[in-house]
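This report describes selected local features of one protein chain. The sequence and the coordinates are shown below for reference.

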Amino acid sequence: MKWGAYHLARPGNPIQQAEHFLSYTKPGPDDLLALDIEHDDPRKWMSLEDGEIFAKHIKMRTGRWPMLYTNHYTSRTIAARKDELPILSRLNLWYARYKEDIRGVFPLGHWDSYTIWQFSSMVNCNDRTCPMRSKGTGNWIDVNVVAMSPAE
C-alpha cells in the first residue's frame, strides 16, 4: 500500500515547519509528501511566499518536491501569480474541489490537470447522497482519484 503525509501550513517559520514535518514523518524514498495551503490569508495560513521556502527546503532535504494540496480558490490565486510563485505553481497538484465534474477548470496557470483530485468529503456527502461511498465507511471519509500510476 502506498501512503504519505501532508503538512497543514500555518503562519510561522517555514523552515522550522519543514524540519518538524520531516522529523515527525520520517519519510521513506517513495512516500508522498504534501504541503497543504488552505487559503492565501497569511494571518491564518502559511503565506504563499513561505510556501515556496517550505517546498524548497523539503526538496533540499529529501531530493524531491512535495505535492501541493489546495482548493480551487487558492490554486487560482497561485496560478494568477505563477511568475512570482515559480515553485508552488509547478508542484504536482492535489486538487480539493468537491464537485462531480471539473471540466473547464484546467489549464490553470502551469497546471494542465490535477495529479490527485479530492472530490468527495463531508462537504458534499451525507446519509442520502454522496458522489462515491466506499463500503463500510462513513460520510466523513475523503475520496480522491489519482492521475498517476502506483510507481509515480
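Where is Thr-115 found? In this predicted model, Thr-115 belongs to the loop between β4 and β5 (116-120). Thr-115 counts as buried, because its relative accessibility of 11% falls under the 20% limit. Leaving aside residues up to four places away in sequence, Thr-115 touches Met-67, Asn-92, Leu-93, Val-145, Val-146, Ala-147 and Met-148.

## Strands β3 and β4

One of the residues touched by Thr-115 is Leu-93, which also appears in the description of strand β4. Leu-93 and Tyr-95 point one way from β4, Trp-94 and Ala-96 point the other way, and all are buried. This can be set beside a general rule: in a regular strand the side chains alternate between the two faces of the sheet. Strand β3 (residues 67-71) runs parallel to β4, and four bridges join the two. Within this pairing, Leu-68 stands opposite Leu-93 in β4.

The loop between β4 and β5 also holds Pro-107. The peptide bond from Phe-106 to Pro-107 is cis, with omega near 5°.

## Helix α1

Helix α1 (residues 14-25) has 12 residues. From its first C-alpha to its last, α1 reaches 16 Å, which is close to the 16 Å expected at 1.5 Å a residue. At the start of α1, a side-chain oxygen of Asn-13 comes to within 2.8 Å of the backbone nitrogen of Ile-15.

Which residues of α1 are buried? They are Pro-14, Gln-17, Ala-18, Phe-21, Leu-22 and Thr-25. Viewed down the axis of α1, these buried residues fall within an arc of 130°, so they line one face of the helix. The spacing follows a general principle: an α-helix has 3.6 residues a turn, so residues three or four places apart point the same way. The packing partners of the buried residues of α1 are β1 (4-8), β2 (32-36) and α2 (48-62). On the face of α1 turned away from the buried side are the exposed residues Gln-16, His-20 and Tyr-24.

After α1 comes Lys-26, in the loop between α1 and β2. The phi of Lys-26 is near 45°, a positive value in a residue other than glycine. In general, most residues other than glycine have a negative phi, and most peptide bonds are trans. Lys-26 is exposed, with a relative accessible area of 61%.

## Helix α3

In helix α3 (72-80), the residues His-72, Thr-74, Ser-75, Thr-77, Ile-78 and Ala-79 are buried. The elements that cover these buried residues include α2, β3 and β4. The N-terminal end of α3 is capped by Asn-71, a side-chain oxygen of which lies 3.2 Å from the backbone nitrogen of Tyr-73.

## Salt bridges

As a general point, side chains of opposite charge can pair when their charged atoms come close. The count of salt bridges in this model comes to four. The table gives three pairs, among them two that involve Arg-81.

| Salt bridge | Closest N to O distance |
|---|---|
| Asp-41 and Arg-43 | 2.9 Å |
| Arg-81 and Glu-49 | 2.4 Å |
| Glu-84 and Arg-81 | 3.1 Å |

Is Asp-41, in its salt bridge with Arg-43, buried or exposed? Asp-41 counts as buried, because its relative accessibility is 13%. Its partner Arg-43, by contrast, is exposed, with a relative accessible area of 71%.

The pair of Arg-81 and Glu-49 has its closest N and O atoms 2.4 Å apart. Arg-81 lies in the loop between α3 and β4 and Glu-49 in helix α2, so this pair ties together parts that are 32 residues apart in sequence. Arg-81 is partly exposed at 23% relative accessibility, and Glu-49 is likewise partly exposed, with a relative accessible area of 38%.

Glu-84 meets Arg-81 in a salt bridge at 3.1 Å. At 54% relative accessibility, Glu-84 counts as exposed. Through salt bridges that share partners, Glu-49, Arg-81 and Glu-84 are joined into one network.

Methods: Residues are numbered from 1 along each chain as its sequence is written. This is a predicted model: local features need pLDDT of at least 70, side-chain atom pairs count only at pLDDT 80 or more; totals for chains, interfaces and linings use all residues. Side-chain values use heavy atoms; hydrogens and water are left out. The expected span of a helix is 1.5 Å times one less than its number of residues. Buried means under 20% relative accessible area, exposed over 50%, partly exposed in between (1.4 Å probe, protein chains only). The arc is that of the directions from the helix axis to the C-beta atoms. Contact means heavy atoms within 4.5 Å. A polar contact is a pair of N or O atoms within 3.5 Å; within protein, one must be able to donate a hydrogen and the other to accept it, and residues adjacent in sequence count only if both atoms are side-chain atoms. A salt bridge is a side-chain nitrogen of Lys or Arg within 4 Å of a carboxyl oxygen of Asp or Glu. Two strands pair if DSSP finds at least two bridges between them.
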